[in-house]
Amino acid sequence: MIISKLTNSSAPPNEWRERRLIVKYAILTAGIFLPLIWSFLFVRNLYPVAAWNVMMAGGDLERGHSFCILRGETISGETIDIRPIKLTNALYSRTWTMVNATIGNQSFKLKSIHPDNEEMVHRYGGVENLPAGVRLPDLLQAWGDLYNKQQPASSPQRLKAIRLDRYRWESGRYADYDKFIESWRREL
């Protein structure tokens, strides 16, 4: 009597187990890769470039926040926006974390601070008396020097000054992002 292999009822036990294992792995593979394929086709941000979005807060309209824009004044008199990531090759949002820490004088609140910072704290009579962003001129000088090194010596795009403008969004709606707060400027 010839038994059909399609029914698999009298197939040897090893062959039956192998087919069952293949089916299980096919289902597992589909379960893993179908969501990825769906995300490639339908999600606006492409994986893995936008994987950092997982760590961002959603559109929270209840909380306002401050943000900064780096600008430069060229020798030709033009004002240009500068992207710090192009200067330092740093990670995207970590640059702005460094800026916010500099504005908040966080380097003066470390357990072991640099001797120059310690001297500055004594000169001002304590960390609480330091002006906001007391080390920002040093950061702006470094960024201005890095930008000018990328330009030819005779370029009209070289900077004569660099500044950091701080703005505040008060929340409540997706508008009014341009409330100016303060600016720090450094002549180069």
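**Surface patch, loop and helix α4**

In this predicted model, a nonpolar patch on the surface is formed by Leu21, Tyr25, Leu28, Ile32, Phe33, Leu34, Leu36, Ile37, Phe40 and Leu41. Together these residues have about 1,000 Å² of accessible area. One of them, leucine 34, is located in helix α1, which comprises residues 13-42. Leucine 34 has a relative accessibility of 53% and therefore counts as exposed, the threshold for this class being over 50%.

Asparagine 105 is found in the loop between α3 (92-103) and α4 (115-124). The phi of asparagine 105 is positive, about 55°, although the residue is not a glycine. With a relative accessibility of 6%, asparagine 105 counts as buried, because buried residues are those under 20%.

Helix α4, which follows this loop, spans residues 115-124. Its buried residues are Asn117, Met120 and Val121. These three cover an arc of only 100° around the axis, and so they lie on the same side of α4. In an α-helix there are 3.6 residues a turn, so residues three or four places apart point the same way. Exposed residues are found on the other side of α4, namely Pro115, His122 and Arg123. After α4 comes glycine 125, which has a positive phi near 85°. A positive phi is thus present both at asparagine 105, in the loop before α4, and at glycine 125, after α4.

Note on methods:
Residues are numbered from 1 along each chain as its sequence is written. This is a predicted model: local features need pLDDT of at least 70, side-chain atom pairs count only at pLDDT 80 or more; totals for chains, interfaces and linings use all residues. Side-chain values use heavy atoms; hydrogens and water are left out. Patches are made of residues with over 30% relative accessible area and no salt bridge: like charges are joined within 9 Å, nonpolar side chains (Val, Leu, Ile, Met, Phe, Trp, Tyr) within 5 Å. Accessible areas come from the Shrake-Rupley method with a 1.4 Å probe; for residues, only the protein chains shown count as cover. A salt bridge is a side-chain nitrogen of Lys or Arg within 4 Å of a carboxyl oxygen of Asp or Glu. Helices (H or I, at least four residues) and strands (E, at least two) are DSSP runs, numbered from the N terminus. Buried means under 20% relative accessible area, exposed over 50%, partly exposed in between (1.4 Å probe, protein chains only). The arc is that of the directions from the helix axis to the C-beta atoms.
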